[in-house]
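Biologist: Could we go through this structure together? I should like to put some questions to you as we look.

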Amino acid sequence: HKQHVTLRLGPLAHNLLLEEYPLAERDITTDSNGRITLSTDIADMRGVGRFVIGLLDDIEIIDSPELVEYIRNYINKNLK
């Protein structure tokens, strides 16, 4: 089943996302303060999880407790 994620993207994360997945642009909004938000449905946490983990200092998870849990488990498992 699809899950919804909402992420606040910094400039680096925004540019890399659009380089890799140009169609993601349809799910991106920019508010009046210039903050970039991706709000989209995903089929699997693995891809978005790796993206967020690789850019943790440039991405804020706004609304996706499942993604937070996935990342927490991934980091715990792989730091042992």
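Biologist: Which residues of α2 are buried?
Modeller: In this predicted model, the buried residues of α2 are Met45, Val48, Gly49, Phe51 and Val52. Seen down the helix axis, these residues fall within an arc of 165 degrees, so they line one face of α2.

Biologist: And which exposed residues does the face turned away from the buried side carry?
Modeller: Arg50 and Gly54 are the exposed residues on that face of α2.

Biologist: What covers the buried residues of α2?
Modeller: The cover includes three strands, β1, β3 and β4, together with the helices α1 (11-20) and α3.

Biologist: Turning to the sheet, in what order do the strands come?
Modeller: The order is β2-β3-β1-β4. These 4 strands form an open sheet with antiparallel pairing.

Biologist: Which strands stand at the edges?
Modeller: Those are β2 (28-30) and β4 (59-63). Each has a single partner strand, so one side of each is left without a neighbour in the sheet. From one strand to the next, the twist averages 25 degrees.

Biologist: How many bridges join β1 to β3?
Modeller: There are 7 bridges between β1 (residues 3-9) and β3 (residues 36-42), and the two strands run antiparallel. As one example, Gln3 has Ile42 as its bridge partner in β3.

Biologist: Which strands does α2 touch, and how is the helix directed?
Modeller: Helix α2 (residues 45-54) packs on the sheet and touches β1, β3 and β4. Its direction makes about 15 degrees with that of β1.

Biologist: Where does α3 lie?
Modeller: Helix α3 lies across β1 and β4, and runs at about 135 degrees to β4.

Biologist: A change of topic: how many aromatic pairs does a search of the whole structure find?
Modeller: The search finds 1 aromatic pair. The rings belong to Tyr70 and Tyr74; their centres are 6.2 Å apart and their planes lie at 25 degrees, so the pair is stacked.

Biologist: Why does that angle count as stacked?
Modeller: Planes under 30 degrees apart count as stacked, and the planes of Tyr70 and Tyr74 are at 25 degrees.

Biologist: Where do Tyr70 and Tyr74 lie?
Modeller: Both are in helix α3 (residues 65-78), 4 residues apart, which is about one turn of the helix. In an α-helix there are 3.6 residues a turn, so residues three or four places apart point the same way.

Biologist: How do Tyr70 and Tyr74 count in terms of relative accessibility?
Modeller: Tyr70 counts as partly exposed at 22% relative accessibility. Tyr74, at 30%, also counts as partly exposed.

Definitions and conventions. Residues numbered from 1 in each chain as written. Predicted model: local features only at pLDDT ≥ 70, side-chain atom pairs only at ≥ 80, totals over all residues. Heavy atoms only, no water. Phe/Tyr/Trp six-rings, centres within 6.5 Å; stacked < 30°, edge-to-face > 60°. Buried < 20%, exposed > 50% of the residue type's maximum accessible area, 1.4 Å probe, protein only. Pairing = 2+ DSSP bridges. Axes fitted to C-alpha atoms, helices over the stretch in contact; angles between N-to-C directions. Contact = heavy atoms within 4.5 Å. Arc of directions from axis to C-beta.
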